[in-house]
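Q: Could you take a close look at one part of this structure for me and walk me through it? I would like to begin with a single residue and its surroundings, and then move outward from there.

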Amino acid sequence: MSLNRQLAMFSAESARPSAYDLSGLLIGPGQVTRMGGTARVSVVVEAAWRVHALAAEFTARGLETSWEPAAIEGHFGVRTAYTGMLAPLAEAWLRGAGKRPPAGFALDGARLRLWFAAAGTVDPEGDGAVLRLGANDEHCSAVALRAFTALACVAELGRGPALRISGRRRVARLRELIGERPAAAPPGAWPGDRPEPENLPDPAEDAARPDRVPRAPRRPSAEAPGQLTADADWAAGGSTAGADPSAGGETIVAGQLTAGTGRAAGSELTGP
């Protein structure tokens, strides 16, 4: 089966939204708590747009959402309401008071999308990305890496803990899995927002290429019957000796963009 078909099978748009997709938050920094026969999922995020993105994902799954400012300045706590829909998730993930990935845990595009919406970042140049786990979730790192690489994606474990994705092709593959940028996310916050450069000069190659020495024009041969005189022919064209045929040219590099830093409309939060 081709890679493109594999990606299509596991992408965020390939299946109907499910409450169990929130396991993508739990492999990241999310938490699940139980109350009777119900449960809720919560996560602390560091940007207002993430609150809106997660609220939209929760609503698509029939889950009520609330939020409040977190103890860390500039952060927000986002959570679902207690519901029986999330009870199986709590049953699978909770081991005593802490969470642990269930046996056979797997990722797909929908779960990755939720994870990235809560705790994913893109490098400024667009050639790398990071998926952050919970600060005390080292025990989830190996499971997260194994589930991620099962999607034909390559990553490395980093400090944080986190998964580190390096290279434009790998970031583009991540984008195919998690789908389009949420409406609330600002440009540059989602994989694939910056196009790959095309036809950019290679500085190393340019440095290795010797400079071309301009060649002086050939003077006309001696006068022959029926030809213009050498002096007249030369004067008509003008002297170009020493001229550089490339002088005065201007190189324009296409495809360079500067990502905006403004917030998406509607990202200001004024109260729970």
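A: Ser23 counts as buried in this predicted model, because its relative accessibility is 0% and the cut-off for buried is under 20%. This serine belongs to helix H2, which covers residues 23-27. If you set aside the neighbours within four places in sequence, Ser23 is in contact with Leu89, Trp93, Phe105 and Arg111.

From Arg111 it is a natural step to helix H5, which covers residues 109-119. The axis of H5 comes within 8 Å of the axis of helix H3 (residues 48-60), and the two cross at roughly 155 degrees. Angles over 145 degrees count as roughly antiparallel, so H3 and H5 are roughly antiparallel to each other. Their crossing is left-handed.

You may like to have the residues of this helix pair at hand while you look. On the H3 side they are Trp49, Arg50, Ala53, Leu54, Glu57 and Phe58. On the H5 side, they meet Arg113, Leu114, Phe116, Ala117, Ala118 and Ala119. Sorted by class, the contact has nine nonpolar residues, three charged ones and no polar ones. Arg50, Glu57 and Arg113 are the charged members.

Now let us move along the chain to the cysteines and the loops around them. Cys140 is buried, with a relative accessible area of 0%. Cys153 also counts as buried, at 4% relative accessibility. As for disulfides, the count comes to zero, given that a pair of cysteine sulfur atoms would have to lie within 2.5 Å.

Ala152 is worth a pause for its backbone. Its phi is near 65 degrees, a positive value in a residue other than glycine. You will find Ala152 in the loop between helix H6 (141-149) and strand E9. At 21% relative accessibility, Ala152 counts as partly exposed, because buried requires a value under 20% and exposed one over 50%.

On the other side of E9 there is one more backbone feature to look at. Strand E9 covers 156-158, and the loop between it and strand E10 (162-166) holds Pro161. The peptide bond from Gly160 to Pro161 is cis, with omega near -10 degrees.

Terms used: Residues numbered from 1 in each chain as written. Predicted model: local features only at pLDDT ≥ 70, side-chain atom pairs only at ≥ 80, totals over all residues. Heavy atoms only, no water. Axes fitted to C-alpha atoms, helices over the stretch in contact; angles between N-to-C directions. Helix = DSSP H or I, 4+ residues; strand = E, 2+ residues; numbered from the N terminus. Parallel < 35°, antiparallel > 145°, perpendicular 65-115°, else oblique. Left-handed = near helix turned anticlockwise from the far one by under 90°. Contact = heavy atoms within 4.5 Å. Buried < 20%, exposed > 50% of the residue type's maximum accessible area, 1.4 Å probe, protein only.
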